[in-house]
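I opened this notebook to record what I looked up in one structure. The entries run from the overall fold to single residues.

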Amino acid sequence: MASLAFLTPHLWQLYANAVLIGIAGTGTYQLGYARVIAAWFEKRLGAALSIVVAGSGVGSFIVPPLVAHGLAAYGWRETYLGLAAMPLFIGMPLTLLFARTPQEGPVHKSGKAMRGEAPKG
């Protein structure tokens with residue numbers, strides 16, 4: 001997102017930014033967190049996944065007014081830099097704090113691990 005603040009009148013730069021944002025942005029979708037959520041929850045997995053997906057709805061409610069204010073007060077280039085800083089300074093610390101896989105693999109009611117040990121890291 002920050003690269004959009006440095007666009008020039010060259011069309012190739014816009015296309016290159018669109019491709020790079022599409023590639024880099026795939027890691028920000030809720031599907032990336034579904035693996036971690038599925039490893040932690042068995043009984044209330046649906047509720048846990050719905051809470052994760054609801055974050056995108058909350059963001060859709062909160063971010064547009066912030067963007068409108070940023071555009072009016074600071075201009076579009078600075079607003080794009082601010083949008084790029086939000087995942088870096090808000091999302092990354094929260095992910096590092098909460099998105100961890102359990103030490104043991106997911107366990108069924110029988111007490112046996114589903115597919116061996118969960119990968120570390």
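The entries below concern a predicted model.

**Entry 1. Overall fold.** I began with the secondary structure of the protein chain and found four helices and zero strands. Along the sequence, I read the pattern as α-α-α-α. I then looked up burial: of the 121 residues of the protein chain, 15% count as buried. For the exposed surface I noted about 9,300 Å², with carbon and sulfur atoms supplying 71% of it. I also examined contacts in the protein chain with a separation of 6 or more; residues 24 or more positions apart account for 46% of these.

**Entry 2. Helices H3 and H4.** I next asked at what angle H3 and H4 pack. For H3 (residues 45–74) and H4, I recorded an angle of about 145 degrees, and their axes are 7 Å apart. I noted the crossing of H3 past H4 as right-handed. On the H3 side of the contact I listed Val-63, Val-67, Gly-70, Leu-71 and Tyr-74. These meet Trp-76, Glu-78, Thr-79, Leu-83 and Met-86 in H4. Sorted by class, the contact of H3 with H4 comprises seven nonpolar, two polar and one charged residues.

**Entry 3. Aromatic pair.** I searched the whole structure for aromatic pairs and obtained one. The ring centres of Trp-76 and Tyr-80 are 6.1 Å apart and the planes stand at 90 degrees, so I entered the pair as edge-to-face. The reasoning rests on two cut-offs: centres within 6.5 Å make a pair, and planes over 60 degrees apart count as edge-to-face. I located both Trp-76 and Tyr-80 in helix H4 (residues 76–98), where they lie four residues apart, about one turn of the helix.

I then asked whether each partner is buried or exposed. Trp-76 has a relative accessible area of 39%, so I listed Trp-76 as partly exposed. Tyr-80 has a relative accessible area of 28%, and I therefore listed Tyr-80 as partly exposed too. Trp-76 also appears in Entry 2, among the H4 residues that H3 meets.

**Entry 4. Asn-17.** Last, I looked up Asn-17, which I found in helix H1 (residues 11–25). Its relative accessibility is 7%, so Asn-17 counts as buried; the cut-off for that class is under 20%. Which residues does Asn-17 touch, not counting residues up to four places away in sequence? I recorded Ser-3, Leu-4 and Leu-7.

Conventions. Residues numbered from 1 in each chain as written. Predicted model: local features only at pLDDT ≥ 70, side-chain atom pairs only at ≥ 80, totals over all residues. Heavy atoms only, no water. Phe/Tyr/Trp six-rings, centres within 6.5 Å; stacked < 30°, edge-to-face > 60°. Buried < 20%, exposed > 50% of the residue type's maximum accessible area, 1.4 Å probe, protein only. Axes fitted to C-alpha atoms, helices over the stretch in contact; angles between N-to-C directions. Left-handed = near helix turned anticlockwise from the far one by under 90°. Contact = heavy atoms within 4.5 Å. Nonpolar A, V, L, I, M, F, W, Y, C, P; charged D, E, K, R; others polar. Areas by Shrake-Rupley, 256 points an atom, 1.4 Å probe, with all protein chains shown as cover.
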